[in-house]
Structure formats: C-alpha cells, structure tokens
Amino acid sequence: MIKNAERKAEVKEKNMDMETAKTEKEALTEGALCLEGGSLRGLFTCGVLDVLMENNLYFSYVNGVSAGAMCGMSYLSRQIGRTKRVNIDFLHDRRYISVKNLFRNRQIFNFDFLFGRLSNEYLPFDWKKFFDSPQKFEVVATRCTTGQAEYFDKDTCSSFVAALSASASIPVLSRMVTIDGKKYLDGGISVPVAYRRAMDLGYRKMVVVLTREKGFVKQQEKQWFMKGYERYFKPLPEFLSMLKDRPERYNRMTAEMEELENKGEIMIIRPEKPVEVKRIEQDPKKLEELYEEGRAVMEKSLPKLKEYLGIQ
C-alpha cells in the first residue's frame, strides 16, 4: 500500500510537471534572443534580462556567447537578480576571480567554484528549472584546432557545464576545456554575437543584447599582446588566425547588425553611453551602475520591444 501511494504521488507530481511545462511553453514569445559576451560588462545584460523576467517575457530560443551564456542561465532558471549577485557579491572573493586562480588552476575565473559551492550552497542555482525549461538554449564555444564556432544545446550536450565554461574561457587567461575529447575556448573569438545562428534556425524575430554602445569600434590588440598570442597559440594556427582577425570580424558584424536594425529585421538593446567597465572590472560601484543602466534601457525599450514582437 505504501508503495502504491508513493507511486501515485510520483505520477501526480510528474503530471503536474508536464502541465507546468506545457503552460510555460504556451507562454513563450516566439523569437530569438541573442546575448553578446564581454566578461563583467555582462552586468548590462543582467539588468536587461531581469526586466524581461519581471515582465514575463521569455523567448522560445536563446543563445549566448561567453558572459552572455552565463547571463542566459539565470534567465532560463527564472532567478531574477542572481547573476548580478554572483558577479558583485563575489567580485573580490579570490575563490571566484583572482590571479591566484590563474597560476593554480589556469583560469582567472574559477568555474569549478562557480558551478560548485557557489551554485550549490551560497547562491543556489535552480538546475531543475533550468533543464526543464521549454526554451531552446545554445551556447557558443570556439574549437581550438579549427578556430570555428560550435553550438551546444542544453538538452543534447553531454556536459553543458563544460560548454558554459568553454564559452567563457578567455584565451591565455583560461585553460582549454575538453568536451567529448575536443578542446574549446571563448566563443567570442569566432562569433561575437550569434544572431546569424538564429537566422539559420529560421527565426524571423530577433532581439540582440550588446554590451557596447552604438558606434563602438573594436581596435586591434597591442603589438606586444599579439606577440604573446603568437607564441602561445603557435601550435594552433587556425585559432591564432581567428584571434588576429577578431577586431575586423567584430566590426563587420556590428555594421551588419545595424543595417538589419535599420531595415526593422532585428532589434538591438545596448548601452546608451560609452561603457567604462573593463572585462575584469574590480569596482563594484561601476558594475552596479552598468546593471542599473541595463535595467533602465530595457524598461524604456519595452513598448518598442512589444510592438516589434507583436505583443499586446
């Protein structure tokens, strides 16, 4: 009798979960949300996504590059404010970000800590909600041997945590991440913003969240920095080539996105003033201000967004 009762309870819970998933899927906004990276400049994206969640706006497809992928996690798990707290509350926690991590674990951002104690004890991440989400979610990482972008789906990837780590692993400042026997690094090396991926999948409504202001032009790295890349990635010529061409590719893609925006084919959400936050910013006040700017820009853009998406 006890077993039968337990079985009935399990069936009831499963049915309730299925009904909830069905309801959530029906409530999704048909369209794509593409999130740029930028390390701690992702605080702007955090603000944008928190406002979307507060207004119950969830896109059926989401992709993220580097910090954009990290921000997208809390969007799928419906945890408003969590990513902001991770990056501000733990900004000076050496277990999360420190040069010591770089020498000890070959990763300036300690993903083992981020996806371990931080996500399980200090600021629990709702993995069940994340993986049960009916939203399609992909992250981008760059294959080290080819220099090309590869996409990892949360529902099919053999190790999605590894894919997230790979997407956000900064060259030289992070070790390569292995997924299914292949090595990967920062997705932004090959694809700064994966808007074309959304187009290839057939989405006709696309919202892109950038972490740089309009008119920003990416400059080539200083010569001494490039020489360091040449020595470090000499065994990986295809990856090195992508690193060298990154500024030109980024500027070309932003120009194309602006052209698509002018045609009304995509909508871009971005900072309204020059972003002074560094990739590994150590001033929590600057991060808080960037987060608030993301909120303000999104709140102001809500009417235009709803009109673009055809939402009443």
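Here are some numbered notes on the predicted model shown above.

1. **The overall picture.** Let's start with the whole chain. The secondary structure of the protein chain comes to 12 helices and eight strands. Lay a box along the principal axes, and the C-alpha atoms fill roughly 70 × 45 × 40 Å. A compact globule with 312 residues would have a radius of gyration near 20 Å, and the protein chain has 20 Å, so the two agree.

2. **Inside and across the chain.** How much of the chain counts as buried? The share is 54% of the 312 residues. Now take contacts between residues at least 6 apart in sequence: 74% of these join residues at least 24 apart. If you're scrolling along the sequence, keep that in mind, and look at the 3D view as well.

3. **Helix α8, tucked in.** Have a look at α8, which covers residues 160–167. Seven of its eight residues are buried, so the rest of the structure largely encloses this helix. The buried ones are Phe160, Ala162, Ala163, Leu164, Ser165, Ala166 and Ser167.

4. **One neighbour of α8 is α3.** The axes of α3 and α8 come within 7 Å and cross at roughly 140°. Angles over 145 degrees would count as roughly antiparallel, so this crossing makes α3 oblique to α8. On the α3 side the contact involves Ala69, Met70 and Met73, while α8 brings in Leu164, Ser165 and Ser167. Sorted by class, that gives four nonpolar residues, two polar and no charged. Notice that Leu164, Ser165 and Ser167 also turn up among the buried residues of α8.

5. **α3 also meets α2.** Helix α2 spans residues 43–54, and its axis comes within 10 Å of the α3 axis, with a crossing of roughly 15°. That makes α2 roughly parallel to α3. The crossing of this pair is right-handed. Who does the touching? From α2 you get Thr45, Cys46, Leu49, Leu52 and Met53, and they meet Cys71, Gly72, Ser74 and Tyr75 in α3. By class, the contact has six nonpolar residues, three polar and no charged.

6. **α4 against α12.** Are these two helices parallel or antiparallel? Helix α4 (residues 82–89) packs against helix α12 (residues 284–309) at an angle of about 165°, with the axes 10 Å apart. The pair is therefore roughly antiparallel. Their crossing is right-handed. The contact is made by Lys84, Asn87 and Ile88 of α4 together with Pro284, Leu287, Glu288 and Tyr291 of α12. The tally here is four nonpolar, one polar and two charged residues.

7. **Two residues with a positive phi.** Most residues other than glycine have a negative phi. Two spots in this model are worth checking with that in mind. Ser66 isn't a glycine, yet its phi is positive, about 55°. You'll find Ser66 in the loop between β2 (59–65) and α3 (67–76). The second spot is Val172, where phi is near 75°, again a positive value in a residue other than glycine. Val172 belongs to the loop between α8 and β5 (177–179).

8. **Are those two buried or exposed?** Buried means under 20% relative accessible area. Ser66 has 7% relative accessibility, so Ser66 counts as buried. Val172 has a relative accessible area of 33%, which means this residue is partly exposed.

9. **Leu185, with plenty of company.** Leu185 is found in strand β6, residues 182–186. With a relative accessible area of 1%, Leu185 is buried. Which residues touch it, leaving aside neighbours within four places in sequence? Among them are Ala141, Thr142, Cys144, Ser169, Pro171, Phe233 and Phe239. Ala166 is also in contact with Leu185, and Ala166 is one of the buried residues of α8. Then there's Ile170: Leu185 and Ile170 are 15 residues apart along the chain, and their C-alpha atoms are separated by 6.7 Å.

10. **Val217, out in a loop.** The place to look is the loop between β7 (206–209) and α10 (223–232), where Val217 is found. Val217 has 46% relative accessibility, so it counts as partly exposed. Measure your way to Tyr250 in the viewer: Val217 and Tyr250 are 33 residues apart in sequence, with 8.3 Å between their C-alpha atoms.

Definitions and conventions
Residues numbered from 1 in each chain as written. Predicted model: local features only at pLDDT ≥ 70, side-chain atom pairs only at ≥ 80, totals over all residues. Heavy atoms only, no water. Buried < 20%, exposed > 50% of the residue type's maximum accessible area, 1.4 Å probe, protein only. Helix = DSSP H or I, 4+ residues; strand = E, 2+ residues; numbered from the N terminus. Axes fitted to C-alpha atoms, helices over the stretch in contact; angles between N-to-C directions. Parallel < 35°, antiparallel > 145°, perpendicular 65-115°, else oblique. Left-handed = near helix turned anticlockwise from the far one by under 90°. Contact = heavy atoms within 4.5 Å. Nonpolar A, V, L, I, M, F, W, Y, C, P; charged D, E, K, R; others polar. Rg over C-alpha atoms; globule rule 2.2 N^0.38 Å.
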